[in-house]
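The following account leads the reader through a single protein model, moving from its ring pairs to its cores, charged groups and backbone. Please keep the sequence and the coordinates at hand while reading.

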Amino acid sequence: MTKIINVIKGTHDILPQEVDKWHILEENALKIFSRYGYKEIRTPIFEATELFARGVGDTTDIVNKEMYTFEKSERSLTLRPENTAGVVRAYIENGMARLSPPVKLWYKGPMFRYERPQKGRQRQFHQVGVEMFGIKEPTADAEVILMAVNYLKSLGLNDLDVEINSLGCPKCREEFKKRLKEVLKPEFDNLCDDCKTRYEKNPLRLLDCKVESCKAIFEKPEIQKVIQVDYICEECAEHFAKLKTYLDKLNVKYNVNKLLVRGLDYYNRTVFEIKSNNLGSQNAVCGGGRYDSLVKNLGGDDTPAVGWAMGMERLNSLLPDSEPQKLNGYIVSTSPVDAFELAEELRNDGFNIEFDLSNKKFTKQLEKASKVADYALILGEDEIKAGKVSVKNLATGEQKTVSRQELRSIL
RNA sequence: GCGCCUGUCGUCAAGCGGUUAAGACCUCGGAUUGUGGUUCCGAUAUGCAUGGGUUCGAAUCCCAUCAGGCGCCCCA
């Protein structure tokens, strides 16, 4: 036998028996986001590599070691590892800055990251996300978080933890980094290797370290003092305070997590995550925040923005399995031509209808009907002559012979 | 990139060095020439991820390769 070709590591097929759940995710996204005035945008799956290097940040793991990059016609192209950079590119390129703010966009689609696959993490995965441009006030942050929570609620996901934090603006963040480095200096040699690198490149990420010895260091009182004190400036503090007020008034439950930093470089001020306890170690279903400098960094006008993304596979695994959808009717007939005609008639009226294409025996057809449909539509010689159909309710066994017109009201 | 675990039919599996590789589900056929979902009978792995090795003998032990899972890291 010829060797079969397998799916690529870290990718997988979404099979018919699970696709219903995907439809639920997608339909609810359209429904909920539309209520808030968001429009869907679809951007290409690959972009210029430079977009991600400049957009996501070239010190991030995503850009450093996880991108699928390839050359074509002497251009370096990359399969998108996330979609914020692409949406921002589209926003700039299509002159959406000329639209009356806020500009509200949402998207869904596959993303690609070259990582070791594990539970809740694949190399091709899907995200649904939103981006809002043009509003610097914390109302935007609040709306976006509220919408995330309501989207999750619409999926029946209520018991999730919302964590928020403020990173401050570039100005006050520098101050915080400076203080953090000062207080950690005596401990530098005790940090893990990754943290030693972070210490130089991106000190905020130190707080995210999962290594026990590092966590212990950060628990020390003199270091906690620096972490707990708000180094963010007055304006940033006010922004964050207002956001919390809005969330309180809107009954969005959240925790402030000072250690929440996030791995993408473009965030400032508000960052947030939504986590589930039922996902294993990859427990974040949603991550996002404010990125006021990204549009400008990518060549657009100075435009404030805020957004988030959710991992659809992770959402999917939190959804209960759905019952497979049955056909409205399965035609049992020994006359393919008549079966065809009846099937087409009913299909045109919006019913889901199948019949046996291989002309099997009557009992086999009925057996098949009982497995895949709610009703068996029996179309034998007698019925054909009389211009009628015998309808059998396969759940109750009830059967009656009716005209084709009556048939529609039964199905 | 590192660590641990696992590969037997389409699926879930039993098998733990001895000669025809259990079983269940699914699928297909029959009992059953117009009445199913229950039941009964039958069919379906010359092969145990692949390649080597040990042995009189290997799905079972060893090595390598490949694939998958989980964890670290990072993230959705």
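**Aromatic pairs**

The count of aromatic pairs in this structure comes to ten. The model is a predicted one. One of these pairs joins Phe 133 and Tyr 291: the ring centres are 6.5 Å apart and the planes meet at 85°, so the arrangement is edge-to-face. An angle over 60 degrees is what places a pair in that class. Phe 133 belongs to strand E6, whereas Tyr 291 sits in the loop between strand E10 (284-290) and helix H11 (294-297), so the pair ties together parts that are 158 residues apart in sequence. Phe 133 and Tyr 291 are both buried. They also belong to a wider arrangement, for ring pairs link Tyr 91, Phe 133, Tyr 266, Tyr 267 and Tyr 291 into a cluster.

**Nonpolar cores**

From the rings the description passes to the nonpolar interior. The largest nonpolar core holds 44 residues, and Phe 33, Tyr 151 and Leu 315 touch the most other members. Helix H5 (residues 138-154) supplies the largest share of this core, namely ten residues. A second, separate core consists of 31 residues, among them Ile 41, Val 56, Val 63 and Ala 305. With residues up to four places away in sequence left out, Tyr 151 touches Leu 25, Asn 28, Ala 29, Ile 32, Phe 33, Val 128, Met 310 and Leu 315. Two of the residues in that list, Phe 33 and Leu 315, are named with Tyr 151 as touching the most other core members.

**Met 111 and Arg 123**

Met 111 is found in strand E5. Its relative accessibility is 0%, so Met 111 counts as buried. Apart from residues up to four places away in sequence, Met 111 touches Arg 80, Pro 81, Glu 82, Asn 83, Arg 123, Gln 124, Phe 125 and Gln 127. As a reference distance across the model, the C-alpha atoms of Met 111 and Val 306 are 20 Å apart, while the two residues are 195 residues apart in sequence.

Arg 123, one of the residues that Met 111 touches, lies in the loop between strand E5 (103-112) and strand E6 (124-133). What is the nearest side chain of opposite charge to Arg 123, and how far away is it? It is that of Glu 115, at 7.9 Å; Arg 123 is buried yet has no salt bridge. A salt bridge requires a nitrogen-to-oxygen distance within 4 Å. The backbone of Glu 115 nevertheless takes part, since the side chain of Arg 123 reaches the backbone oxygen of Glu 115 at 2.7 Å. Leaving aside neighbours within four places in sequence, the contacts of Arg 123 include Lys 9, Gly 10, Tyr 68, Phe 112, Arg 113, Tyr 114, Arg 116 and Pro 117.

**Salt bridges**

The model contains 21 salt bridges. One of them joins Arg 290 to Asp 292, with the closest N and O atoms 2.8 Å apart. Both of these residues, Arg 290 and Asp 292, are buried.

Helix H14 offers two further examples. Glu 367 forms a salt bridge with Lys 364, where the closest N and O atoms are 3.7 Å apart. These two residues are three residues apart in helix H14 (residues 362-372), and are therefore separated by about one helical turn. Glu 367 has a relative accessibility of 38% and so counts as partly exposed; Lys 364, with a relative accessible area of 46%, is partly exposed. Glu 367 also meets Lys 371 in a salt bridge, at 3.4 Å from N to O. Lys 371 and Glu 367 are four residues apart in helix H14, which means a separation of about one helical turn. Lys 371 counts as exposed because its relative accessibility is 57%. Elsewhere, salt bridges that share partners join Glu 345, Asp 349, Arg 404 and Arg 408 into one network.

**Backbone exceptions**

Most residues other than glycine have a negative phi, and most peptide bonds are trans. The peptide bond from Pro 101 to Pro 102 is cis, with omega near 0°. Pro 102 lies in the loop between helix H4 (84-93) and E5.

Asn 251 is not a glycine, yet has a positive phi of about 60°. Asn 251 is placed in the loop between helix H10 (234-249) and strand E8 (255-256), and its relative accessibility of 63% makes it exposed. Asn 359, also not a glycine, has a positive phi of about 55°. The loop between strand E13 (353-355) and H14 holds Asn 359, which counts as partly exposed at 45% relative accessibility.

Methods:
Residues numbered from 1 in each chain as written. Chains lettered and ligands numbered in written order. Predicted model: local features only at pLDDT ≥ 70, side-chain atom pairs only at ≥ 80, totals over all residues. Heavy atoms only, no water. Buried < 20%, exposed > 50% of the residue type's maximum accessible area, 1.4 Å probe, protein only. Lys, Arg positive; Asp, Glu negative; His and termini not counted. Polar contact = N/O pair within 3.5 Å; in protein donor to acceptor, adjacent residues only side chain to side chain. Contact = heavy atoms within 4.5 Å. Core = buried A, V, L, I, M, F, W, Y, C linked by side-chain atoms within 4.5 Å. Phe/Tyr/Trp six-rings, centres within 6.5 Å; stacked < 30°, edge-to-face > 60°.
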